[in-house]
Amino acid sequence: MNQSIARPAALRRMSAAAAALLLAGCNALAPVNPPIAKVDFDSGYRVNRMLKRQHEGVTNDPHTVFMLTFSGGGTRAAAFSYGVLEELRRTDVMVGGVQRNLLEEVDAISGVSGGSFTALAYALYGDRLFTEYEPRFLKRDVQGTLTWRALNPLNWFSLGSGLYGRSELAADYYDEILFNGATFADLLKLPTPVTAVTGTDLSTGARFQFSQEQFDLICSDLGTVRLARAAATSSAVPAVLSPVTYYNYGGQCGATLPPWVRDVTRPDSPARPAGRALLRYRDIKNFEDSKNRPYLHVVDGGVSDNLGLRGLLEALEELEASPSFQRQAGFDEIRRIVVVVVNSRSAPATDWDRKARAPGIVAQLLQSSSVPIDHFSYESVELLKDIAQRWADKRDLKVAELRLSGMSRAQAEAAVPTLSFDAIDVSFDAIEDPEEQRYFMNLPTSFVLSAEEVDRLRALGGRLLRESPGYRDLLDRISDRKAPAKAGAPSQ
């Protein structure tokens with residue numbers, strides 16, 4: 001071949017490749033969350049506002065708050081929580097004389113990491129989730145595609161710029177396959193449960209929730225934030241994926257402190273215990289300090305709360321400690337709180353304790369991060385049950401005080417409204433068969449599983465919910481329930 005001809009052709013190919021790299025770098029900058037000049041408490045994707053909207057319809061029981069929390073755990077968590085949604089959808093109840101499936105009674109869903117995908121996808125898709133979620137996400141090799149894209153030379157310029165990390169690359173892919181560019185403003189138009197997914201502030205360890213209440217603290221508009229970016233943030237495992245950066249404009253938009261702050265911080269406050277509320281107050285002040293913290297780097301929500309339960313625990317303690325917060329939230333109208341905690345934690349078997357030689361550094365790093373998370377998750381569930389028991393004890397004490405004042409039992413119980421609290425734990429720990437439990441505990445925390453593994457997780461989620469004593473007791477106490485839950489295997 002004539003070298004004088006081959007050389008220009010090679011140069012043209014190199015120039016084209018360089019141009020492609022530059023183009024990829026220019027078109028793949030991380031989005032900037034925009035500032036707001038003044039907080040508008042009557043707009044935006046606010047948890048309290050959306051909960052009130054859920055109860056405006058005549059068919060949704062206004063006296064019950066029904067919540068689901070979905071833990072982290074990659075596709076394992078996404079499939080397991082999906083199975084719980086399927087079971088709720090198969091369960092028929094009567095509410096106000098109208099037959100509905102129990103999923104329609106769910107008011108709020110909290111999701112972390114892998115569980116955030118199921119939570120956000122249901123918020124966006126509604127009933128379409130049950131035909132589209134499997135092929136779009138659960139049974140797709142998400143991890144393989146993300147790995148290939150990170151290794152693709154066309155993305156190296158962007159990834160090396162410092163303005164577009166691996167999590168931004170992942171968010172763009174999640175938009176392609178699942179979220180289609182939808183934002184939190186789009187969720188305002190949909191009649192689905194309010195959904196709160198969380199990340200973790202890398203600097204302070206504070207919970208970073210994707211709600212307008214949280215974004216008020218940084219004087220920014222959540223409405224423009226893509227659901228895919230929220231999911232990428234919530235699942236940004238440190239070191240494996242990059243932190244997601246949000247611009248902080250806090251302290252410049254007239255954000256006000258919630259009413260419980262005054263009650264728990266004044267020196268003569270009787271509102272104890274309130275440790276979580278005080279910690280949250282410290283976090284609020286840190287978020288508002290945009291002068292010293294103009295950028296917030298946020299990672300996997302499981303680092304601070306792998307069950308998606310911490311926000312609820314904080315809210316319950318704030319309600320317990322603050323009468324003014326109870327009035328603002330309309331707490332006096334609530335007669336039943338139902339919380340279903342869907343925990344897909346894994347515990348892969350090891351033989352470390354049978355050997356004199358300690359495990360390697362990689363195994364140590366993985367174990368040192370997962371063990372504290374699992375222990376904190378167990379503690380969170382037990383704290384939720386403790387709060388439920390404490391509230392029941394307080395009511396019994398009030399009834400006893402009224403009886404001592406001369407009231408009959410019937411009069412005393414009528415004077416103190418009943419608030420039932422159902423904390424239902426759905427986790428692999430409830431599997432009775434040791435071999436079956438071992439199978440699920442050893443499933444990897446990744447974003448790729450086989451179709452068989454996904455189907456088994458879905459079926460397990462539904463089965464463990466059906467078999468849960470707390471769930472069966474709840475159904476037995478729904479006074480106008482028409483028929484028992486329709487058991488059956490998930491549709492294929």
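This passage describes the nonpolar core, the aromatic pairs and the charge–ring placements of a predicted model.

The largest nonpolar core of the predicted structure comprises 111 residues, and those with the most contacts inside it are Leu88, Tyr133, Phe137, Tyr174, Phe179, Phe184 and Phe210. Helix H4, spanning residues 114–125, supplies the largest share of this core, namely eight residues. When residues up to four places away in sequence are not counted, Leu88 touches Phe66, Leu68, Asn101, Leu102, Leu103 and Val106, together with Leu465 and Tyr471.

Aromatic side chains form 22 pairs in the structure. In one of them, the ring centres of Phe208 and Phe215 lie 5.6 Å apart with the planes at 65 degrees, and the pair is therefore edge-to-face, the angle being over 60 degrees. Phe208 has a relative accessibility of 0% and so counts as buried, and Phe215 is likewise buried, with a relative accessible area of 0%. Phe215 also pairs with Phe210, in a tilted arrangement with 6.0 Å from centre to centre and 40 degrees between the planes; both Phe210 and Phe215 are buried.

One aromatic cluster is formed by Tyr82, Phe117, Tyr122, Phe130, Tyr133, Phe137, Tyr174, Phe179 and Phe447. Of the residues in this cluster, Tyr133, Phe137, Tyr174 and Phe179 are also among those with the most contacts inside the largest nonpolar core.

Aromatic rings are further accompanied by arginine side chains at two sites described here. The charged end of Arg229 is placed over the ring of Tyr246, at 4.7 Å from its centre, whereas Arg456 lies over the face of Tyr439, 3.8 Å from the ring centre.

Conventions
Residues numbered from 1 in each chain as written. Predicted model: local features only at pLDDT ≥ 70, side-chain atom pairs only at ≥ 80, totals over all residues. Heavy atoms only, no water. Core = buried A, V, L, I, M, F, W, Y, C linked by side-chain atoms within 4.5 Å. Buried < 20%, exposed > 50% of the residue type's maximum accessible area, 1.4 Å probe, protein only. Helix = DSSP H or I, 4+ residues; strand = E, 2+ residues; numbered from the N terminus. Contact = heavy atoms within 4.5 Å. Phe/Tyr/Trp six-rings, centres within 6.5 Å; stacked < 30°, edge-to-face > 60°. Lys NZ or Arg CZ within 6 Å of the ring centre and 35° of its normal.
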